[in-house]
Amino acid sequence: MNKLAYLLLIPLVAAARIPSPRSVEAIARSSGAVAARERISLRPVRWSVVGGSSPRQVVSGRTVRITLQADIAKGWHIYSLTQKPGGPIPLRLDLIGPADVVMRGIIDAPKPDRIFDQNFGLETELYSGTPRFTIPVGVPGRSLTGIRRFQIGARYQVCSDKLCLPPRTDKLDVALRVAGRK
């Protein structure tokens with residue numbers, strides 16, 4: 001019987017020694033770990049569709065302009081659409097979804113800052129702050145009317161003067177309301 005009591009008591013004692021999430025948080029706060037975590041963000045870039053998520057009107061066979069904004073945390077930057085190969089990963093904006101939603105033309109982007117980066121050993125083109133990118137999106141003239149839901153994939157690499165994070169792709173939901181020609 002004593003052996004059974006010990007077997008039941010051991011897990012209870014072990015569980016009592018594991019700190020609760022609240023005590024772990026208190027320890028981290030007192031050691032400054034939370035302050036360090038707040039300074040280093042794993043997501044220093046937030047993308048948004050300017051004008052919100054309501055469907056954009058487009059007549060079949062025509063084009064509508066969709067603008068994305070990158071909110072880049074202070075001290076960080078992303079690389080331009082025209083960044084030369086052999087260095088950081090350039091920004092790439094792609095349409096993901098229905099085959100009849102296509103990019104028509106060139107993406108309108110702000111002029112990037114040009115800086116020689118010793119880490120890569122070449123001149124880099126970068127954006128910081130809140131750059132906006134306007135994408136001409138259209139549907140063929142034979143497209144059926146109705147709503148087309150798709151995504152815009154923003155693939156980029158973000159760096160600070162001390163650290164580069166691995167490339168990532170953020171996806172933004174977008175919708176078009178296709179109207180027939182009159």
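Buried here means under 20% relative accessible area, and that cut-off comes up throughout the notes below. Keep in mind that this is a predicted model.

1. **The disulfide.** Let's start with the cysteines. A disulfide is a covalent bond between the sulfur atoms of two cysteines. Searching the whole structure turns up one disulfide, and the partners are C159 and C164, with 2.0 Å from S to S. The link between C159 and C164 is right-handed, with 110° about the S-S bond.

2. **Its two ends.** Are C159 and C164 buried or partly exposed? C159 has 0% relative accessibility, so C159 counts as buried. C164 has 35%, which makes C164 partly exposed, because partly exposed is the class in between buried and exposed, and exposed starts over 50%.

3. **Two leucines in the loop between strand 11 and strand 12.** If you look along this loop, L163 is there, and L165 has its place there too. L163 is partly exposed, because its relative accessibility is 38%. L165 comes out at 13% relative accessible area and is therefore buried.

4. **What those leucines sit across from.** Follow the C-alpha atoms and you can see how the chain comes back on itself in sequence terms. L163 is 87 residues from W76 along the sequence, yet their C-alpha atoms are 9.1 Å apart in space. For L165, the partner to look at is R43: 122 residues separate them along the chain, with 9.2 Å between the C-alpha atoms.

5. **Aromatic pairs, part one.** How many aromatic pairs does a search of the whole structure find? It finds four. One of them is W47 with F133, a tilted pair with 5.9 Å centre to centre and 40° between the planes. This pair links distant parts of the chain, as W47 belongs to strand 1 (residues 45–49) and F133 to strand 9 (residues 132–138), 86 residues apart. W47 has a relative accessible area of 12%, so W47 is buried. F133 is buried as well, because its relative accessible area is 0%.

6. **Aromatic pairs, part two.** Y79 and F120 make an edge-to-face pair, at 6.2 Å centre to centre and 85° between the planes. Y79 is in strand 4 while F120 is in the loop between strand 7 and strand 8, so this pair ties together parts 41 residues apart in sequence. Y79 is buried because its relative accessible area is 1%. F120 has 25%, so F120 is partly exposed.

7. **An aromatic cluster.** W47 and F133 come up again here. Together with Y127 and Y156, they form one aromatic cluster.

8. **The nonpolar core.** In soluble globular proteins, nonpolar side chains tend to be buried together. Here, the largest nonpolar core has 30 residues, and W47, I78 and L176 have the most contacts inside it. Strand 1, strand 3 (63–72), strand 9, strand 10 (146–156) and strand 12 (168–179) are the elements that give two or more residues to this core. Which of them gives the largest share of this core? That would be strand 3, with five residues.

9. **A look at strand 3.** I66 is a residue to click on in strand 3. I66 has 0% relative accessibility, so I66 counts as buried. Its C-alpha is 7.6 Å in space from that of V50, and I66 and V50 are 16 residues apart in sequence.

10. **The second largest pocket.** About 160 Å³ of space lies in this pocket. Its lining is made up of H77, Y79, I115, F116, D117, N119, T124, L126, S160 and D161. Strand 4 (77–79), strand 7 (113–117) and strand 8 (122–127) are the elements that give two or more residues to that lining. Strand 7 gives the largest share, three residues.

11. **Chemistry of that lining.** The residues lining the second largest pocket divide into four nonpolar, four polar and two charged. Y79 is worth selecting once more: Y79 lines this pocket and also pairs edge-to-face with F120.

Conventions:
Residues numbered from 1 in each chain as written. Predicted model: local features only at pLDDT ≥ 70, side-chain atom pairs only at ≥ 80, totals over all residues. Heavy atoms only, no water. 1 Å grid on protein atoms, 1.4 Å probe; cavity = no way out; pocket = protein on both sides within 12 Å on 5 of 7 lines; lining within 4 Å. Points joined across faces, edges and corners; volume = space filled by probe spheres on them. Helix = DSSP H or I, 4+ residues; strand = E, 2+ residues; numbered from the N terminus. Nonpolar A, V, L, I, M, F, W, Y, C, P; charged D, E, K, R; others polar. Disulfide = S-S within 2.5 Å. Buried < 20%, exposed > 50% of the residue type's maximum accessible area, 1.4 Å probe, protein only. Phe/Tyr/Trp six-rings, centres within 6.5 Å; stacked < 30°, edge-to-face > 60°. Core = buried A, V, L, I, M, F, W, Y, C linked by side-chain atoms within 4.5 Å.
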